[in-house]
Amino acid sequence: NFFQNSNVSFFVRNDNHKQTGKNNTYKLNFDKKFTNFNLGFSYMNGLRNPTLYEMFGTDNYGYSGNRNLKPEKSNTYEIYSNVIINKNLSFSSRAFKANIKNNIEYISNKYHNDADNVDLNQSGINSKLNIKLKNTYIDLFSSFLSSKKENGNDQLRRPKKNYGLSFKKKVRNNIFGDLNFNLIYNHYGKHFDTHSSSFNTVELDSTDLVDLKVSKKLNSGNIFIKISNLLNETYQRPHGYNQENRVIKFGINF
């Protein structure tokens with residue numbers, strides 16, 4: 001705390017990987033508080049170690065893993081703010097820009113680190129609006145992403161937009177008493193993926209998922225009913241992997 005109503009933070013991490021060796025990452029953050037809002041800036045560098053499949057996986061079609069892969073490394077710049085409008089309303093937003101080097105790509109039945117010194121670029125903004133009413137909580141959230149390959153095409157499995165809401169309400173029922181009602185809606189936008197059999201790049205349609213949960217508190221826990229994928233949406237994520245249709249669960253937590 002070098003300045004009034006402000007905070008400077010520095011984080012350091014060391015990873016020692018059996019295949020990729022030692023790597024250091026860190027984050028530097030500055031946060032300033034004002035009367036009804038705060039403003040923050042961050043710089044982060046990070047890494048993604050190759051997966052076990054990328055290093056050691058094999059199949060019947062000629063693919064063999066590459067144990068000499070290096071981790072992908074990134075640099076990210078971020079600005080964020082949280083605004084308290086009044087006791088019932090608040091808004092938060094976070095924007096970022098990042099570049100990725102040594103990106104791992106699939107070429108000729110094998111994964112390789114890209115060696116042309118051209119970075120992958122990503123940028124986006126995430127926002128959230130919190131509404132508090134009597135016995136009711138509503139969160140509206142959205143995410144917009146630009147994620148490009150070296151040739152300018154969209155990266156795989158990264159939709160440009162996601163948005164949704166979370167609705168929580170406490171209700172009084174004459175028969176069951178106090179109940180907690182929770183509804184979550186999530187829109188997962190259109191995106192590109194690799195076809196599971198032809199291996200061509202295909203565009204997958206957006207999905208709209210709704211989950212519903214009703215619970216009641218007990219003396220030492222709660223009892224609940226939960227319906228996942230309420231609208232019975234049929235979708236694959238990633239391509240070739242069917243996800244669950246509508247599922248109804250009953251449970252007791254102690």
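How much area does the chain expose, and what share of it do carbon and sulfur atoms supply? In this predicted model, the exposed area of the chain amounts to about 17100 Å², of which 52% is supplied by carbon and sulfur atoms. Buried residues make up 29% of the 254 residues of the chain.

The overall dimensions depart from those of a globule. The radius of gyration of the chain is 23 Å, whereas a compact globule of 254 residues would have a value near 18 Å. Along the principal axes, the C-alpha atoms occupy a box of roughly 65 × 55 × 35 Å. Among contacts between residues at least 6 apart in sequence, 48% link residues that are at least 24 apart. With respect to charge, the chain carries 36 positive and 21 negative charges, and the mean positions of these two sets lie 11 Å apart.

The secondary structure consists of 1 helix and 16 strands. Strand 4, spanning residues 72–86, pairs with strand 5, spanning residues 89–101, in the antiparallel sense over 13 bridges. These two strands are joined by a hairpin through 2 residues, and Tyr80 is placed opposite Arg94 of strand 5. Strand 5 also pairs with strand 8, which covers residues 120–133; this pairing is likewise antiparallel and extends over 12 bridges. Here, Lys97 stands opposite Ser123 of strand 8. Strand 5 thus has pairing partners in both strand 4 and strand 8. In a regular strand, side chains alternate between the two faces of the sheet.

Conventions:
Residues are numbered from 1 along each chain as its sequence is written. This is a predicted model: local features need pLDDT of at least 70, side-chain atom pairs count only at pLDDT 80 or more; totals for chains, interfaces and linings use all residues. Side-chain values use heavy atoms; hydrogens and water are left out. Helices (H or I, at least four residues) and strands (E, at least two) are DSSP runs, numbered from the N terminus. The radius of gyration is taken over C-alpha atoms; the globule rule is 2.2 Å times the number of residues to the power 0.38. Buried means under 20% relative accessible area, exposed over 50%, partly exposed in between (1.4 Å probe, protein chains only). Contact means heavy atoms within 4.5 Å. Accessible areas come from the Shrake-Rupley method with a 1.4 Å probe; for residues, only the protein chains shown count as cover. Lys and Arg count as positive and Asp and Glu as negative; His and the chain ends are not counted. The place of a charge is taken as NZ of Lys, CZ of Arg, CG of Asp or CD of Glu. Two strands pair if DSSP finds at least two bridges between them.
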